[in-house]
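Me: Could you take a close look at one strand for me, with its neighbours in the sheet? I'd enjoy a connected walk through it.

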Amino acid sequence: MSRLTGKVAFITGAARGQGRSHAIRLAQEGADIIATDICGQIESVPYPMGTWDDLAQTVDAVEALDRRIIASQTDVRDYEATKRALDDAVAQFGRLDVVSANAGVCTIARSQDMSGEAWRDVIDTNLSGVWHTAKVAIPHLIAGGRGGSIVITSSVGGLMAMPNLSSYVASKHGVVGLMRTLALELAPHSIRVNTILPTQVETPMIINDASLRFFLPDSERPTVDEFARVSQQMLALPIPWVQPLDISNALLFLASDEARYITGITLPVDGGMLIK
Ligand SMILES: NC(=O)c1ccc[n+]([C@@H]2O[C@H](COP(=O)([O-])OP(=O)(O)OC[C@H]3O[C@@H](n4cnc5c(N)ncnc54)[C@H](O)[C@@H]3O)[C@@H](O)[C@H]2O)c1
């Protein structure tokens with residue numbers, strides 16, 4: 001029997017990158033999937049975000065595994081829309097067991113130069129959006145009476161400082177505090193709440209021109225190969241970054257009964273970055 005047979009998982013930011021990988025990995029283990037994504041651009045974000053076509057590819061990949069998926073274009077900044085999307089999908093699937101609060105964005109600027117819009121867009125998505133995701137999911141998890149697992153994607157920036165990423169780092173520290181509070185509030189219901197802290201993950205969030213310029217400020221034409229060398233110096237293991245699947249496997253563990261007594265943790269998947 002697979003590790004999530006008969007269970008239903010809600011994943012935000014599921015159009016591409018880690019979110020799509022999570023949908024596929026959890027579906028491989030038997031879960032049906034509720035997938036949302038903004039499928040559109042937030043103006044202050046300096047790289048292209050997920051699209052409807054991307055989300056359609058996630059749908060195809062999950063259906064190819066013979067699992068069910070309900071996908072919708074939903075912005076986690078919009079509490080009512082997020083609630084509607086989840087309520088409708090849970091009404092169809094009949095239960096909810098796992099939540100992956102994965103949707104996130106990043107903007108880059110020195111704190112004193114950052115626009116209010118760029119600050120708010122990151123906090124609204126990465127912090128308030130995670131709270132919205134938990135808030136709409138908790139009543140379903142409690143009503144199910146079977147416990148559950150909420151996994152929030154933070155970042156190594158949830159525990160360490162990173163210059164020129166203040167809104168991102170503040171949001172990722174913020175969800176660690178939110179996770180710890182939720183873990184205490186929900187423990188009596190056997191609902192576990194944990195965070196994963198990835199280092200650089202090879203997704204469009206970091207493999208893009210704005211990010212290359214950020215990591216390689218002195219390079220006239222920064223390349224991915226150059227970035228890989230710089231990125232590797234930040235990790236302890238001899239790798240430049242991890243893959244979405246590495247994060248999905250951590251999510252799968254925290255979502256499964258193998259982690260049944262694990263709650264309130266910050267789990268780095270960081271190639272040793274935090275100990276350097
Ligand atoms: N890639 C990295 O290096 C890295 C490192 C640490 C943490 N993270 C975190 O991992 C998570 C996943 O990022 P990724 O690497 O897959 O990036 P990504 O940009 O490839 O995917 C993020 C997805 O979230 C969606 N999204 C963004 N804002 C949204 C909103 N308001 N509502 C709904 N959907 C929204 C995007 O459209 C996109 O499809 C994020 O929380 C990110 O902060 C990423």
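Reply: Happy to! Four bridges link strand 4 to strand 5 (residues 148-153), and the two run parallel; strands here are DSSP runs of E with at least two residues, helices are runs of H or I with at least four, both numbered from the N terminus, and two strands pair if DSSP finds at least two bridges between them. This is a predicted model, where local features need pLDDT of at least 70 and side-chain atom pairs count only at pLDDT 80 or more, while totals for chains, interfaces and linings use all residues. Residues are numbered from 1 along each chain as its sequence is written, and side-chain values use heavy atoms, with hydrogens and water left out.

Within that pairing, Val98 stands opposite Ser149 of strand 5. Between the two strands the chain passes through helix 4 (residues 116-144), making a right-handed β-α-β crossover; that is, with the strands pointing away from the viewer, the path from the first strand over the helix to the second runs clockwise.

Strand 4 also pairs with strand 1 (residues 8-12), again in parallel, through three bridges. Here Val98 turns up once more, as the bridge partner of Ala9.

What about the faces of strand 4? In a regular strand the side chains alternate between the two faces of the sheet. Strand 4 (residues 98-101) is covered on both: Val98 and Ser100 on one side, and Val99 and Ala101 on the other, are all buried, meaning under 20% relative accessible area with a 1.4 Å probe, protein chains only (exposed is over 50%, partly exposed in between).
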